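Grab your viewer and let's work through a few exercises together. Each one gives you a task, then a solution in steps.

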Amino acid sequence: MSDAPLIELRDVHLAFGENEILTGVNLRLAPKERLVVLGQSGSGKSTLLRLILGILKPTGGSVHFQGGEVSKMRRRQLNAMRQKIGMVYQYSALISSLSVRDNLALPLEELTDKKPGEIDALVDEKLKLVGMADARDKMPAELSGGMRKRIGLARGIIMDPELILYDEPSAGLDPVISSVIDELIIALSEKIGATSVIVTHEMESAFKIATRLAMLFKGGIIAEGTPEDFKNSADPVVKQFITGATEGPILEGAK
Ligand SMILES: Nc1ncnc2c1ncn2[C@@H]1O[C@H](COP(=O)(O)OP(=O)(O)OP(=O)(O)O)[C@@H](O)[C@H]1O
Ligand SMILES: [Mg+2]
């Protein structure tokens with residue numbers, strides 16, 4: 001990988017008061033990679049995404065986006081950075097009082113000076129990409145969970161982001177819709193050339209989507225590699241996580 005990293009985390013520490021969540025995370029993400037972040041509940045995966053967005057500041061170390069240090073950015077730089085990042089939330093986070101069209105149009109209306117006609121064209125284009133063109137004039141409450149998730153995806157990419165952050169994109173969905181979402185993530189990264197960070201618990205999805213995986217455990221990245229590396233890993237934590245076994249190092253200390 002000779003590309004300059006899009007994101008780089010250097011010895012990142014993060015504590016909430018006494019509670020140390022991350023204790024030295026190092027991570028580099030090259031353009032167009034799809035990095036899947038694994039880790040048990042509470043290991044700091046969502047926290048990692050918030051650090052990349054600059055919503056949280058590291059208590060030690062630094063986060064860099066396109067070479068700029070996120071915690072040193074002024075508001076204007078931070079806003080410019082966030083326009084290049086699409087976030088897909090676990091529960092879609094659509095605004096219930098707005099139609100699908102208006103949910104998608106919102107960032108374009110607030111952050112760009114595009115005309116209504118251009119905005120409508122972009123909304124339609126993104127809805128088509130996720131196979132939801134017919135839902136344009138519906139309200140979020142009229143949609144199923146899987147449909148909402150797809151609309152959440154469409155909203156995440158409405159600004160043609162260079163980086164897309166997905167927080168458990170297929171959690172709680174049926175296996176078929178879950179595969180549809182996996183394929184969409186791959187297709188989107190290829191179609192718009194975006195780099196992706198995907199947090200997921202679903203191992204089957206993880207192996208399908210990832211160009212690289214990283215496993216968070218006890219505050220750090222304890223394993224990093226290709227899906228093949230992970231499948232063949234001798235690391236007891238990785239093995240236990242992949243197989244979902246109850247015996248192993250992961251629950252020690254919790255018992
Ligand atoms: N704003 C906050 N204030 C205090 N503690 C927090 C805050 N946000 C997260 N935490 C704590 O940080 C830890 C990591 O949380 P995080 O949400 O990153 O976990 P996660 O790996 O995403 O878990 P899950 O898989 O359950 O979503 C948890 O112990 C959580 O209680
Ligand atoms: Mg989380």
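**Exercise 1.** How many nonpolar, polar and charged residues does the shell around ligand 1 have?

*Solution.* Bear in mind that this is a predicted model. Start with the shell, which holds 13 residues; Ser41, Gly42, Lys45, Ser46 and Thr47 come nearest to ligand 1. Now sort the shell by class: you get 2 nonpolar, 8 polar and 3 charged residues. Finally, check where the shell comes from: helix 1 (residues 45–53) supplies the largest share, with 4 residues.

**Exercise 2.** Find polar contacts to oxygen atoms of ligand 1, using a cut-off of 3.5 Å between N or O atoms.

*Solution.* Begin with the backbone: an N or O atom of Gly44 sits 2.9 Å from a ligand 1 oxygen. Next, take side chains. Lys45 has a side-chain N or O atom 2.7 Å from an oxygen of ligand 1, and for His201 the corresponding side-chain distance is 3.2 Å. As a last step, look at the cover: on its own, ligand 1 has 640 Å² of accessible area, and the protein covers 61% of that.

**Exercise 3.** Describe how helix 3 (residues 100–111) packs with helix 5 (residues 145–156).

*Solution.* Two numbers come first: the axes come within 9 Å and cross at roughly 25°. Angles under 35 degrees count as roughly parallel, so helix 3 and helix 5 are roughly parallel to each other. For the handedness, their crossing is right-handed.

**Exercise 4.** Now do it for helix 3 and helix 4 (residues 116–129).

*Solution.* Here the axes are 9 Å apart and the packing angle is about 120°. The roughly perpendicular range is 65 to 115 and roughly antiparallel needs over 145, so helix 3 and helix 4 are oblique to each other. Helix 3 passes helix 4 in a right-handed crossing.

Conventions: Residues are numbered from 1 along each chain as its sequence is written. Chains are lettered from A and ligands numbered from 1 in the order in which they are written. This is a predicted model: local features need pLDDT of at least 70, side-chain atom pairs count only at pLDDT 80 or more; totals for chains, interfaces and linings use all residues. Side-chain values use heavy atoms; hydrogens and water are left out. A residue is near a molecule or strand if one of its heavy atoms lies within 4 Å of it. A polar contact is a pair of N or O atoms within 3.5 Å; within protein, one must be able to donate a hydrogen and the other to accept it, and residues adjacent in sequence count only if both atoms are side-chain atoms. Accessible areas come from the Shrake-Rupley method with a 1.4 Å probe; for residues, only the protein chains shown count as cover. Ala, Val, Leu, Ile, Met, Phe, Trp, Tyr, Cys and Pro count as nonpolar, Asp, Glu, Lys and Arg as charged, and the others, Gly among them, as polar. Axes are lines fitted to C-alpha atoms, for helices over the stretch in contact, and angles run from 0 to 180 degrees between N-to-C directions. A crossing is left-handed if the near helix is turned anticlockwise from the far one by less than a right angle, and right-handed if clockwise.
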